[in-house]
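Work through the following exercises with the sequence and the model at hand. Each task is followed by a solution in steps.

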Amino acid sequence: MKKMSQQQLQQRVQLSTASLAIVLCRDEESLSSGCGKLSNPNGYDVFADFKSQNLNSFWNKRLVKAVSEVYFQGWMENFVLLVQGKSNSLEVLRESWMRRALRSPKRFIIRAVGDVSAVDMAPISQSQFIPLSEVLCSVISDMNAGHVVVNQEALIEHLMKHHPGRE
């Protein structure tokens, strides 16, 4: 792995703070009955069902409150749901998992729950130079998509309007 300079480390952007990863797998029973045939479920829908299932735990007011306060952070294709919220809400979810009280979304089984540390991004800087051929092809493509006749006058006008300072 390439070693980063001090300047590159300082330029990192934190995309998210700590969150929980809820690792799911398909429920074998729903797969065999034909209910689990969705190849790529929508992560937000899975999250909404996870919340719904746990909001029904009316006997566990702490869990209901915690689940109502967490929100969808992301979905990974290998059935990992990323959930974010206040630290006390995440702690209640952890405790509920440890006590086997956390309910799975329909058609899934929770395999694991774990902490995800902050997610960082190292921005990639762009060059100040844009090849003229790239700009011309892009402008001509835009004009064609807009059913605009491309001639020298229209091309220069479009360039001046959409790419100022590049005439």
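**Exercise 1.** How many of the residues of strand 4 (residues 80-84) are buried?

*Solution.* The model is a predicted one. Step 1: take the cut-off for buried, which is under 20% relative accessible area. Step 2: apply it along strand 4, where 5 of the 5 residues are buried. Step 3: strand 4 is therefore largely enclosed by the rest of the structure. Step 4: split the strand by face. Val80, Leu82 and Gln84 are buried on one side, and Leu81 and Val83 are buried on the other. Both faces of strand 4 are thus covered.

**Exercise 2.** Find the strands that pair with strand 4, and give the bridge partners of Leu82 in them.

*Solution.* Step 1: strand 2 (residues 19-26) runs antiparallel to strand 4 and is joined to it by 4 bridges. In this pairing, Ala21 has Leu82 as its bridge partner. Step 2: strand 3 (residues 71-76) also pairs with strand 4 in the antiparallel sense, over 5 bridges. Here Gly74 is the residue whose bridge partner is Leu82. Step 3: inspect the connection. Strand 3 and strand 4 form a hairpin with 3 residues between the strands, and Phe79 in this hairpin takes a positive phi near 65 degrees.

**Exercise 3.** Which residues are joined with Arg94 into one network of salt bridges?

*Solution.* Step 1: search the whole structure, which gives 4 salt bridges. Step 2: pick out those of Arg94. One is with Glu91, with the closest N and O atoms 3.0 Å apart; another is with Asp115, at 2.7 Å from N to O. Step 3: place the partners. Arg94 and Glu91 both lie in helix 5, 3 residues apart, or about one turn of the helix. Asp115 lies in strand 5 (residues 108-116), so its pair with Arg94 ties together parts that are 21 residues apart in sequence. Step 4: the shared partners join Glu91, Arg94 and Asp115 into one network. Step 5: add the accessibilities. Arg94 is partly exposed at 22%, Glu91 is partly exposed at 33%, and Asp115 counts as exposed at 55%.

**Exercise 4.** Where in the chain do the partners of the salt bridge between Glu95 and Arg62 lie?

*Solution.* Step 1: confirm the contact, which is 3.0 Å from N to O between the two side chains. Step 2: assign the elements. Glu95 is in helix 5 (residues 87-98) and Arg62 in helix 4 (residues 61-69). Step 3: with their positions 33 residues apart, the pair links distant parts of the chain. Step 4: Glu95 has a relative accessible area of 23%, so Glu95 is partly exposed.

Technical notes
Residues numbered from 1 in each chain as written. Predicted model: local features only at pLDDT ≥ 70, side-chain atom pairs only at ≥ 80, totals over all residues. Heavy atoms only, no water. Helix = DSSP H or I, 4+ residues; strand = E, 2+ residues; numbered from the N terminus. Buried < 20%, exposed > 50% of the residue type's maximum accessible area, 1.4 Å probe, protein only. Pairing = 2+ DSSP bridges.
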